[in-house]
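Here are a few short exercises to work through with the structure in view. Try each task yourself, then go through the solution step by step.

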Amino acid sequence: MYAYISGKLTFKNPAYVVVEAGGVGYHINISLHTFSQLEHESIKLFTWLHVKEDAHTLYGFAEEGERRLFLHLISISGIGPNTARMMLSSITPDEIQAAIVNGDVSLIQRIKGIGPKSAQRIVLELQDKLRKEGPDTLTRVVVNKTVKDEALTALVTLGFARNAAEKVIDQELKRTSDELTVEQLIKFALKSL
């Protein structure tokens, strides 16, 4: 429902922040990773709203990549928003992603609240997804993306492996000397993949 909330940081502690935006103070739960990145009074948090019968809870993330990993984690049966937040507070999103991709069940199991079965389930269900997305999906979203970057993002979103999509896009860019639009590049890649 809310993509992000941008405003003035009025209260901050390691578990949550209050951000004033448009005269409304939003109580947003955060991870320690996000907490460590909040240095200015004016902030922007990427958010996810958890709706339950008795509560609406906002979770905020300093980076889009952290939110994306959080959403992957809560898609696993038995992993709720608070457990995912605990995971993101225990080790960095990059370490979690590397552990999942490399099948390091013992590292994931060391996180408070994650037992051996949950750790194995996380690796089993997310390993292929995160491999397909590539290692740089947790880096900051680039504001001025090139045509190649936008086409690659679109193809990965459609479910194609990042490496294969990048290879096809590079081939087409080398083959033609014309300036291609994102749509033209995606159409060519879809025919080749």
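A residue counts as buried under 20% relative accessible area, exposed over 50%, and partly exposed in between (1.4 Å probe, protein chains only). The model is predicted, with local features needing pLDDT of at least 70 and side-chain atom pairs counting only at pLDDT 80 or more, while totals for chains, interfaces and linings use all residues. Residues are numbered from 1 along each chain as its sequence is written, and side-chain values use heavy atoms, leaving out hydrogens and water.

**Exercise 1.** Find out how many salt bridges the whole structure has, and look at the one between E64 and R67.

*Solution.*
Step 1: know what to look for, namely a side-chain nitrogen of Lys or Arg within 4 Å of a carboxyl oxygen of Asp or Glu. Searching the whole structure turns up four such bridges.
Step 2: go to E64 and R67, whose side chains meet with N and O 2.4 Å apart.
Step 3: place them. Both sit in helix α2 (residues 64–74), three residues apart, which is about one turn of the helix. Helices here are DSSP runs (H or I, at least four residues) and strands are too (E, at least two), numbered from the N terminus.
Step 4: check accessibility. E64 has 19% relative accessibility, so it counts as buried. R67 is buried as well, at 12%.

**Exercise 2.** Work out which residues are linked with K148 in a network of salt bridges.

*Solution.*
Step 1: start with E166, which bridges to K148 with the closest N and O atoms 3.6 Å apart. This pair links distant parts of the chain: K148 belongs to helix α7 (residues 147–157) and E166 to helix α8 (residues 162–175), 18 residues apart.
Step 2: move on to D170, which also forms a salt bridge with K148, the closest N and O atoms being 2.9 Å apart. Here too distant parts of the chain are linked, with D170 in helix α8 and K148 in helix α7, 22 residues apart.
Step 3: put it together: K148, E166 and D170 form the network.
Step 4: check accessibility. K148 is partly exposed at 24%, E166 is partly exposed at 28%, and D170 is partly exposed at 26%.

**Exercise 3.** Describe the spans that UniProt annotates as "domain: Helix-hairpin-helix DNA-binding motif class".

*Solution.*
Step 1: read the record. The unreviewed UniProt entry puts this annotation on residues 71–90 and 106–125. UniProt positions follow the numbering used here, feature names are shortened, and annotations may be inferred rather than shown by experiment.
Step 2: take residues 71–90, which are 70% helix and 0% strand, with end C-alpha atoms 17 Å apart.
Step 3: take residues 106–125, which are 70% helix and 0% strand, with end C-alpha atoms 16 Å apart.
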